[in-house]
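Student: Please take one part of this structure and look at it closely. Start from a single residue and work outward from there.

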Amino acid sequence: MALTREQIAMRVAQELEDGFYVNLGIGIPTLVANYIPEGVKVMLQSENGLLGMGQFPTEETIDPDLINAGKQTVTAVTGAAFFSSAESFAMIRGGHVDLTVLGAFEVDQEGNIASWMIPGKLVKGMGGAMDLVAGAENIIVTMTHANKHGVSKILKKCTLPLTGAQCIKRVITELALMEIKDGAFHLIERAPGVSVEEIQEKTEADLVVPDDVPEMKF
Amino acid sequence: MSGFDKVVHSYEEALEGFTDNMTVMVGGFGLCGIPEGLIEQVYKMGCSGLTAISNNAGVDGFGLGKWLEKRQISTMIGSYVGENELFEKLLLSGEMEVILTPQGTLAEKIRAGGAGIPAFFTATGFGTQVAEGKETRNIDGRDYVLEPSLTADFALIKAWKADTMGNLIFNKTAMNFNPMMATAGKITVAEVEEIVEAGELDPNYIHTPGIYVQRVIKGNSFEKRIEQRTVRA
C-alpha cells in the first residue's frame with residue numbers, strides 16, 4: 001500500500017536525532033512535527049524568525065505577532081528565540097540547521113529540485129526554499145512519486161524552473177525512500193506491500209535497485 | 001521633531017517628502033509586523049511608479065494589496081506571491097514588473113545595503129533563473145552568485161516599542177525584515193505601538209539603535225489581521 005501523507009511524515013521523523021535543529025517546509029513536512037520519536041528532542045526553526053516553534057495556540061493564547069513561515073499562528077517552546085530574517089537565513093545559509101525537510105514538484109537524478117513555479121500557470125514565489133536547499137547538507141524531500149495522471153515526478157532531468165542545482169540526496173515518496181548518487185536514484189526502502197516493479201514503473205529516472213529492498217518499518 | 005527627538009504626530013508628517021517613483025522598503029512577513037498606518041497613508045496619497053521592496057505584497061485588499069489595487073507599484077521586489085490573486089495576475093500579465101528574490105538573499109541584500117556592502121556572493125540560486133545574467137564565481141570548489149545589495153528612499157517599518165530617540169524593540173516574529181530595512185532606508189519611519197521616554201528602554205535590549213531611525217510615529221490602531229488562524233483543540 002502506498003503511504004499516506006501521515007506515514008510519509010512518520011518515516012521522515014525516524015531520521016530525527018536528539019539535539020537536532022530542524023526546518024520543516026509547508027505541507028507534508030509540517031506533519032513531521034507530530035511524529036517526533038520518544039526521547040528525541042528537536043528545536044524547530046521557522047525561517048520568518050523563530051527557533052523553537054511549538055504547537056498551535058489555544059483560542060486564548062493566539063498572538064498575531066507569533067506565526068510560522070506558513071503564516072499560521074503558533075507558540076514558542078521553552079528555550080525559544082526570536083530574530084530577524086537576516087539572522088534566520090544566516091543560520092540556514094551558514095549550515096547551522098541539522099535537517100531540512102521540504103516538498104517538491106520534481107526531483108531529478110542529478111539532485112536538482114523544482115518546487116517554486118509552473119510557467120504560465122502558477123507562481124508562488126520561492127520564499128526561502130532556494131536558500132534552504134543551498135544551505136543545508138542534510139535535506140529530505142517529501143513528494144508524490146507521480147502526478148494524478150501517473151506521470152513520474154522522479155526524473156532524469158527536471159522540466160520546471162529549478163529551486164536548486166545538485167543539492168538533493170534523499171527523497172521519500174508514498175512508494176519509496178531513495179538516495180541520489182552518481183547520477184542515479186538508488187532504491188533504499190519501499191513502502192510496505194509496494195513492489196519494486198511498481199516503483200520502477202513510476203520512476204522515469206535511472207533507478208538502481210539492489211538485490212534486497214527492505215520494506216519501511218513503522 | 002528636533003535633534004534626537006524623532007517623534008512625529010501625524011501620518012502626513014511621517015511621510016513628508018514621499019513622492020512618485022520612489023523606492024520604498026516595507027517591513028513585514030505576510031501580514032505580521034507590517035506598518036499598517038503608513039501603508040494606508042501612501043495609499044491615500046496615491047503615489048505611483050513605486051519600486052516596492054517587501055517579502056510579500058499583502059493580501060487582496062489589505063497591506064500592500066491596497067497599493068496593488070491602485071496600481072501604485074511599478075516594480076515589486078519580494079520572495080513570495082502566495083495566495084494574493086491580484087499580485088499573481090499582475091505578475092502573469094506583465095502589468096507589474098516582479099523581481100522574485102530568494103527570501104534569505106532578499107534579507108541579506110537589505111542588510112548589506114544598510115551596512116555599506118555593495119554586493120555579496122551566495123550559493124543560493126546558483127544554477128537557477130535567479131542567477132541568470134549575474135556574475136558567478138567558484139570559491140574553494142563551490143559556485144556562487146554575485147547579488148547586489150538594496151537601499152531605499154524610504155523604509156517603512158513596524159516595531160513594538162520605541163523611545164523618543166528612535167531606539168526600537170520588536171515583538172516576537174513581527175521582527176522579520178524590519179530591523180534590516182531600518183538600516184537601509186535614507187529615511188526610515190517606524191510605526192510603533194508604544195513610545196516611551198528616552199532611558200526607559202534597557203539599552204541591553206534595544207534591537208534597532210536610533211541612529212537608523214529618522215521618524216517615529218505611534219500607530220492609531222493595529223488590526224493585526226491573521227492570515228492562517230490555527231488553533232489546537
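**A residue in chain A and what surrounds it**

Tutor: T142(A) is buried, because its relative accessible area is 3%, under the 20% cut-off. Keep in mind that this is a predicted model. T142(A) belongs to strand β10 of chain A, which covers residues 139-142. Which residues does T142(A) touch, leaving aside those up to four places away in sequence? The list begins with I8(A), V12(A), I28(A) and P29(A). It continues with the run V101(A), L102(A), G103(A) and A104(A). I172(A) completes it.

Follow I172(A) next. Strand β12 of chain A spans residues 170-172. β12(A) pairs with strand β13 of chain A, residues 176-181, in the antiparallel sense. That pairing has 3 bridges. Within it, I172(A) stands opposite L177(A) of β13(A). A hairpin with 3 residues in the connection takes β12(A) into β13(A).

β13(A) has a further partner. Strand β14 of chain A, residues 184-190, runs antiparallel to β13(A), with 6 bridges between the two. One facing pair here is A176(A) and R190(A), the latter in β14(A). The hairpin of β13(A) and β14(A) has 2 residues between the strands. There D182(A) takes a positive phi near 50°. As for what holds such partners together, strands in a sheet pair through backbone hydrogen bonds, in either a parallel or an antiparallel sense.

Parallel pairing also occurs in chain A. Strand β6 of chain A, residues 106-108, runs parallel to β11(A), and 2 bridges join them. D108(A) stands opposite L155(A) in β11(A). These strands belong to an open sheet of 3 strands in chain A, ordered β7-β6-β11, with mixed pairing. Its edge strands are β7(A), residues 113-114, and β11(A), residues 154-155. Each edge strand pairs on one side only.

Now the chain as a whole. Chain A has 5 helices and 15 strands. Its radius of gyration is 17 Å, close to the 17 Å that the globule rule gives for 218 residues, so chain A is as compact as a globular protein of that length. The C-alpha trace of chain A spans about 50 × 40 × 30 Å along its principal axes. Of the 218 residues in chain A, 57% are buried, and T142(A) counts as buried too. How much surface does chain A expose? The figure is about 9,300 Å², with 51% of it supplied by carbon and sulfur atoms. Contacts in chain A reach far along the sequence: among those between residues at least 6 apart, 61% join residues at least 24 apart.

From chain A, cross to chain B. A107(B) makes the link. Setting aside residues up to four places away in sequence, A107(B) touches S85(A) and A86(A) from chain A, and F177(B) and M180(B) from chain B. A107(B) sits in helix α5 of chain B, residues 103-114. Is A107(B) buried or exposed? A107(B) counts as buried, because its relative accessibility is 0%. The C-alpha atoms of A107(B) and L150(B) are 9.5 Å apart, with 43 residues separating the two along the chain.

Rings in chain B come next. Over all chains, the search finds 1 aromatic pair. F18(B) and F154(B) form it, edge-to-face, at 5.1 Å centre to centre and with 70° between the planes. The pair links distant parts of the chain, 136 residues apart. F18(B) is in the loop between α1 (11-14) and β1 (23-26) of chain B, while F154(B) is in strand β8 of chain B, residues 152-163. F18(B) is buried, at 4% relative accessible area. F154(B) is buried as well, at 1%.

Charges also sit over rings in chain B. The charged end of R225(B) lies over the ring of F62(B), 4.1 Å from its centre. K70(B) lies over the face of Y43(B), at 4.2 Å from the ring centre.

Y43(B) leads into one last element, helix α2 of chain B. α2(B) runs over residues 36-45 and is mostly covered, with 7 of its 10 residues buried. Those buried are E36(B), G37(B), L38(B), I39(B), Q41(B), V42(B) and Y43(B). Just after α2(B), G46(B) takes a positive phi of about 75°.

Note on methods. Residues are numbered from 1 along each chain as its sequence is written. Chains are lettered from A and ligands numbered from 1 in the order in which they are written. This is a predicted model: local features need pLDDT of at least 70, side-chain atom pairs count only at pLDDT 80 or more; totals for chains, interfaces and linings use all residues. Side-chain values use heavy atoms; hydrogens and water are left out. Rings of Phe, Tyr and Trp (its six-membered ring) pair if their centres lie within 6.5 Å; planes under 30 degrees apart count as stacked, over 60 as edge-to-face and the rest as tilted. Helices (H or I, at least four residues) and strands (E, at least two) are DSSP runs, numbered from the N terminus. Buried means under 20% relative accessible area, exposed over 50%, partly exposed in between (1.4 Å probe, protein chains only). A charge sits over a ring if NZ of Lys or CZ of Arg is within 6 Å of the ring centre and within 35 degrees of the ring normal. The radius of gyration is taken over C-alpha atoms; the globule rule is 2.2 Å times the number of residues to the power 0.38. Contact means heavy atoms within 4.5 Å. Accessible areas come from the Shrake-Rupley method with a 1.4 Å probe; for residues, only the protein chains shown count as cover. Two strands pair if DSSP finds at least two bridges between them.
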